[in-house]
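Hi,

Here is the structure I promised to pass on. Have a look at it first, and my notes follow underneath.

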Amino acid sequence: MKDFQLRNDTKLLFRNNPVGDLAALTAGKKTLFVYGGGSAKRNGCYDDVKAAMKRGGGILYELDGASRELADIEKGIRLVKEKQIELVIGAGGANIMDCAKLIAFGSYHAEDLWEYVKGKKNPYGLKKLPMVLIPTYPSSGSEYGLGAVSSDSRTGDFGTAYGIAADTAILVPKYSMSLGTEMTAYTGLVTLVQLSASTLGDINQVSYDIGISVIRNVLAALKKLKENPEDSDARGVILYGAALSTSGRLGLGKEENYAYEIYELEFIPEVLYGVAYRKSLTTLFPRFLKVMAKYYDADIRRYFKDAFGYEGSIENSAGKMVDLFAEFGVDMYFEGEVSQTKIKEIDIEAMLSLDEITGMLKECLR
């Protein structure tokens, strides 16, 4: 068995009613609540945070309309310093949770924050504000992972700081109830893809089997939600699966990290076609597996059989995955054209050749 290390940076709480825990965490503190649009108010998260603050006697400051844009992060850092904030809560999807991470970390490292985002410096273990993350759009696993993505539309630059962990993550199934059919489907499908990236190529039989089991349970939860969107148990499975996908507890026996290349490649459709992360990742993934099978045929065949029961050619299995994802109501194609010139302008590091990437993208076009 290969050497491995299990990290335990974040305390994960699964709660149907988080008010008591939030009251204890925020008691007597000046707290910055970071959230996005109106969803935090529609799904009840905002009311729960307000109730917790009232119970705990803290002072609440708000940064609404937040995003992972550097300008928003800088605004949050200024607010932290101006109000002498002691704790940051981030509630939302990956955008909001990453924003909260970078505010909590950047409050102590504002001058060279972008160097951490660009990977020039390692933030792991460095000082930051205490932080609580609450995923209301489950899928990214940012609440339990170390990554924090940021972009700067003023320059067109983007990057990922890897090494910033929340102190506490709170998973609350009821907060995803306000999501529509398509967005609910994406929570499960993105979770499935991220779990797959961690599991593919794992030679540690224990963590591989765990990964396959969680993938199959997330798929079963998606099927339940298609029939009954109010099934909180199924939503809880997806929440937990998303957290596990970035927990560092899967892929313990990986000798090559080729499956993680999907995270580099997904930037391409975001730039070329202006699509969201969720659509880019799920649309690319079956075609990505088909291309990667040229190099890792046995791994990918094993994965298709164990996770989905697919046997036969890789091409047929990838096609079945496209059809499966589409059955949940998501569009598995992009609109536009493929330009190698434009692809080369995107700042990514890929093991696949330009021709392989081009071919993969062509398969994704309607």
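Let's start with a cavity: Thr 199, Leu 200, Gly 201, Tyr 208, Asp 299, Arg 302 and Tyr 303 line the second largest one. By cavity I mean a set of points, on a 1 Å grid over the protein atoms alone, where a 1.4 Å probe fits but cannot get out; lining residues have an atom within 4 Å of a point. Its volume is about 30 Å³, counted as the space filled by probe spheres set on the points, which are joined across faces, edges and corners. Helix α12 (residues 277-308) gives the largest share of that lining, three residues; helices here are DSSP runs (H or I, at least four residues) and strands are too (E, at least two), numbered from the N terminus.

Before going on: this is a predicted model, where local features need pLDDT of at least 70, side-chain atom pairs count only at pLDDT 80 or more, and totals for chains, interfaces and linings use all residues. Residues are numbered from 1 along each chain as its sequence is written, and side-chain values use heavy atoms, with hydrogens and water left out.

The largest cavity has a volume of about 40 Å³. Among the residues lining it are Pro 138, Leu 225 and Ile 238. Two elements, α7 (181-199) and α9 (232-245), each give two or more residues to this lining.

Ile 238 also touches Val 218 (heavy atoms within 4.5 Å). Val 218 sits in helix α8 (residues 205-227) and is buried at 0% relative accessibility, buried being under 20% relative accessible area with a 1.4 Å probe, protein chains only.

Cheers

Conventions. Buried means under 20% relative accessible area, exposed over 50%, partly exposed in between (1.4 Å probe, protein chains only). On a 1 Å grid over the protein atoms alone, a cavity is a set of points where a 1.4 Å probe fits but cannot get out, and a pocket is an open set with protein on both sides within 12 Å along at least five of seven lines; lining residues have an atom within 4 Å of a point. Lists of a residue's contacts leave out its neighbours within four places in sequence.
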